[in-house]
Amino acid sequence: MSRKILEIKDLHFSFDTYAGEVQAVRGISLYLNKGETLAIVGESGCGKSVTVQTVMKLVPTPPGRLKSGKIIYCGEDITHYSQKEMQKLRGSEMSMIFQDPMTSLNPTMRIGRQITEGILKHENISPDKAKQRAIEMLAKVGIANPEKGFKRYPHQFSGGMRQRVMIAIALVCNPNVLFADEPTTALDVTTQAQILELINELKQELETSVVIITHDLGVVARTAERVAVMYAGKIVETGLSRDIFYKPKHPYTSGLLESMPSAGQVEKTLTSIKGTPPDLFAPPKGCSFAPRCKYCMNICTQTDPDEVQLENGHKVSCWLMNPQAEKRELPGRKSRLSTQKPLKEGI
Ligand code: SF4
């Protein structure tokens with residue numbers, strides 16, 4: 001039996017604007033296994049959020065337009081599901097935590113009502129039972145005095161507490177898949193760690209599969225078994241976290257790792273990836289990373305590299321993988337992340 005709970009096949013998604021077509025997602029294929037955490041990593045504007053919002057059908061059409069590709073959930077093709085069909089899935093089968101809890105929560109509604117709304121929509125239970133479930137969920141996500149919290153408004157909570165409430169709303173119907181879109185970006189470092197720990201704990205307890213979207217490789221190291229690195233609307237490298245961190249094969253992945261600070265390495269100079277991502281109104285010919293890549297060869301500016309399969313499901317799209325290319329050892333992380341929590345074991 002397949003372990004895949006979600007599969008995206010060759011997805012192309014664009015935005016039609018007055019200035020022209022923005023090719024936000026350009027042929028993405030990925031999958032999520034039952035019970036695992038997959039991290040999608042990349043700079044702002046690389047198409048990470050659009051990819052998951054396309055799965056959830058949260059992008060308004062127009063300007064968004066699904067050009068081609070397939071989305072398979074639990075073996076069923078949901079690519080062309082209507083909004084009505086998706087409403088049955090959203091919340092109960094798959095749900096999402098957004099990056100800014102203040103704008104995601106309704107400021108005029110009590111927290112309790114925002115949690116019970118989903119339960120009452122998807123399950124045939126009484127309002128009293130829904131209230132009980134909501135209070136239990138608030139307790140589970142670490143809200144002190146959940147009965148009191150149930151009656152409060154979002155502005156009466158701190159940023160970290162609001163994000164906990166968002167997690168409660170997302171998980172109260174026990175969905176199979178949770179999308180967490182930069183769930184800790186708006187939080188301070190201590191609260192970030194607590195929220196990531198909480199998502200991990202609840203994922204184990206509720207047996208949820210998680211897709212975490214982030215530009216922060218520290219978040220990946222703490223949470224994910226597998227990583228997909230996105231650049232300019234494409235996945236350029238994917239594999240187990242430890243392969244991506246210790247043996248990156250794509251210069252972009254290696255550049256991201258080099259620009260990541262690490263506790264204990266006080267003398268290490270942080271490097272940045274020079275240049276900016278390409279304009280997705282008119283993506284360049286050949287490899288999109290070529291203008292910023294220090295290993296760029298003639299062929300890179302002419303032809304897009306094919307995906308090369310390595311061991312353990314590690315896949316890379318880069319001409320350096322061609323047997324005729326000069327062999328390069330790309331810098332990755334050292335074999336231990338100093339004082340940080342160790343990388344999750346690969347599956
Ligand atoms: Fe760099 Fe060429 Fe690989 Fe692109 S294909 S990342 S330009 S080496």
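How many salt bridges does a search of the whole structure find? The answer is 15. Please keep in mind while reading that this is a predicted model. Here are some points to help you find your way around.

1. **A bridge between two strands.** A good place to start is Arg65, which forms a salt bridge with Asp16; their closest N and O atoms are 2.7 Å apart. Arg65 belongs to strand E4 and Asp16 to strand E1, so this pair ties together parts that are 49 residues apart in sequence. Both ends can be placed by accessibility too: Arg65 is partly exposed at 32% relative accessible area, and Asp16 is partly exposed at 34%.

2. **A bridge beside helix H5.** Next, have a look at Arg133 and Glu123, whose side chains meet in a salt bridge with an N to O distance of 2.9 Å. Arg133 sits in helix H5 (residues 127-140), while Glu123 is in the loop between helix H4 (111-122) and H5, and the two are 10 residues apart. The relative accessible area of Arg133 is 27%, which means that this residue counts as partly exposed. Glu123 is likewise partly exposed, at 25%.

3. **One more pair, and a network.** Glu326 and Arg328 also meet through their side chains, with 4.0 Å from N to O. Here Glu326 is exposed, with a relative accessible area of 54%, whereas Arg328 is partly exposed at 41%. Elsewhere, salt bridges with shared partners join Asp16, Glu21, Arg65 and Lys67 into one network; you have already met Arg65 and Asp16 as a bridged pair.

4. **The ligand and its surroundings.** Which residues lie around the ligand? They are His250, Pro251, Cys287, Phe289, Ala290, Cys293, Tyr295, Cys300, Pro305, Cys318, Trp319 and Leu320. Sorted by class, this shell has 11 nonpolar residues, one polar residue and no charged ones. The space that the ligand takes up is the largest cavity. One of the shell residues, Cys293, is buried, with a relative accessible area of 16%.

5. **Cysteines without disulfides.** You may wonder how many disulfides are counted. The count comes to zero. Take Cys74 as an example: the nearest cysteine sulfur belongs to Cys173 and is 16 Å away. Since a disulfide needs two cysteine sulfur atoms within 2.5 Å, Cys74 is in no disulfide. Cys74 is partly exposed, with a relative accessible area of 44%.

6. **Two cis peptide bonds in one loop.** Most peptide bonds are trans, so the stretch around Pro62 deserves a look. Thr61 and Pro62 are joined by a cis peptide bond with omega about -15 degrees. The bond from Pro62 to Pro63 is cis as well, with omega near 10 degrees. Where is Pro62 found? Pro62 is in the loop between helix H1 (48-55) and strand E4 (64-73), and Pro63 is also placed in the loop between H1 and E4.

7. **Positive phi angles.** Most residues other than glycine have a negative phi. Asp10 is not a glycine, yet its phi is positive, at about 45 degrees. Asp10 lies in strand E1 (residues 4-17) and is partly exposed, at 42% relative accessibility. Asn312, again not a glycine, has a positive phi of about 55 degrees. Asn312 is found in the loop between strand E11 (307-309) and strand E12 (315-317). Is Asn312 buried or exposed? At 51% relative accessibility, Asn312 counts as exposed.

Notes:
Residues are numbered from 1 along each chain as its sequence is written. This is a predicted model: local features need pLDDT of at least 70, side-chain atom pairs count only at pLDDT 80 or more; totals for chains, interfaces and linings use all residues. Side-chain values use heavy atoms; hydrogens and water are left out. A residue is near a molecule or strand if one of its heavy atoms lies within 4 Å of it. On a 1 Å grid over the protein atoms alone, a cavity is a set of points where a 1.4 Å probe fits but cannot get out, and a pocket is an open set with protein on both sides within 12 Å along at least five of seven lines; lining residues have an atom within 4 Å of a point. A molecule sits in a cavity or pocket if more than half of its atoms lie within 2 Å of its grid points. Ala, Val, Leu, Ile, Met, Phe, Trp, Tyr, Cys and Pro count as nonpolar, Asp, Glu, Lys and Arg as charged, and the others, Gly among them, as polar. Buried means under 20% relative accessible area, exposed over 50%, partly exposed in between (1.4 Å probe, protein chains only). Helices (H or I, at least four residues) and strands (E, at least two) are DSSP runs, numbered from the N terminus.
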